[in-house]
Amino acid sequence: MAAEMGAALTGHQAAEPDLGVLAARILFSVQRELFTELAGQGFDDIRPRAGAVLAYLRADGIRASELARASGQHKQVIGSLIDDLERLGYVERRPDPADRRAKLICPTERGLLQMEAAASIMRTIEERHAKALGKQEYAALKTSLQRVADLQRKVQHHRQDTATQPGQLGID
């Protein structure tokens, strides 16, 4: 993204897009394909922002705090998305048998159907890219992307932690 900003300021294009630009291109393209296909299968009432919940939802339920942690979204954002998905009939809140005070976010029958459809669409997308790149190269790409995502999450957590307590960055 810095390259785009620099290009906008100087009028010159960078030779290669930076990590942020590439990640955004992939994210938006995959989201567009996924949600277009889902709409064609009758799930036309959900939007890409709901992916922060739907991508991490489990058939047996998950706490909202775990959804927030897994997605990297604020609890308030996740709560709002859960409210929307509950109104649309994709999820319901149930008591957590492990803790009476807590609630599990569980997919409804419609939610389970959407999860199956999304998984099938994502398999198709991944198979297409694995075929284009070769299975080994695609597997290596996913491994590298996971490592970069983990590193970014570590940096983000460190920055949040050091906002109140200065310290060293514990990244190996």
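Reader: Why does Arg 128 count as partly exposed?

Author: Buried means under 20% relative accessible area, exposed means over 50%, and partly exposed lies in between (1.4 Å probe, protein chains only). Arg 128 has 39% relative accessibility, so Arg 128 counts as partly exposed. Before we go on: this is a predicted model, where local features need pLDDT of at least 70, side-chain atom pairs count only at pLDDT 80 or more, and totals for chains, interfaces and linings use all residues. Residues are numbered from 1 along each chain as its sequence is written, and side-chain values use heavy atoms, with hydrogens and water left out.

Reader: What makes Arg 128 and Glu 33 a salt bridge?

Author: A salt bridge is a side-chain nitrogen of Lys or Arg within 4 Å of a carboxyl oxygen of Asp or Glu. The closest N and O atoms of Arg 128 and Glu 33 are 2.8 Å apart, so the pair fits that definition. This pair links distant parts of the chain, 95 residues apart: Arg 128 is in helix α6 (residues 109-133) and Glu 33 in helix α2 (residues 19-40). Helices (H or I, at least four residues) are DSSP runs, numbered from the N terminus.

Reader: Why is Asp 99 called buried?

Author: Its relative accessible area is 18%, so Asp 99 is buried. Its salt-bridge partner Arg 101, with closest N and O atoms 3.2 Å away, is exposed because its value is 76%. Salt bridges that share partners join Arg 63, Asp 96, Asp 99 and Arg 101 into one network.

Reader: How many salt bridges are there?

Author: The structure holds 13.

Methods. Helices (H or I, at least four residues) and strands (E, at least two) are DSSP runs, numbered from the N terminus.
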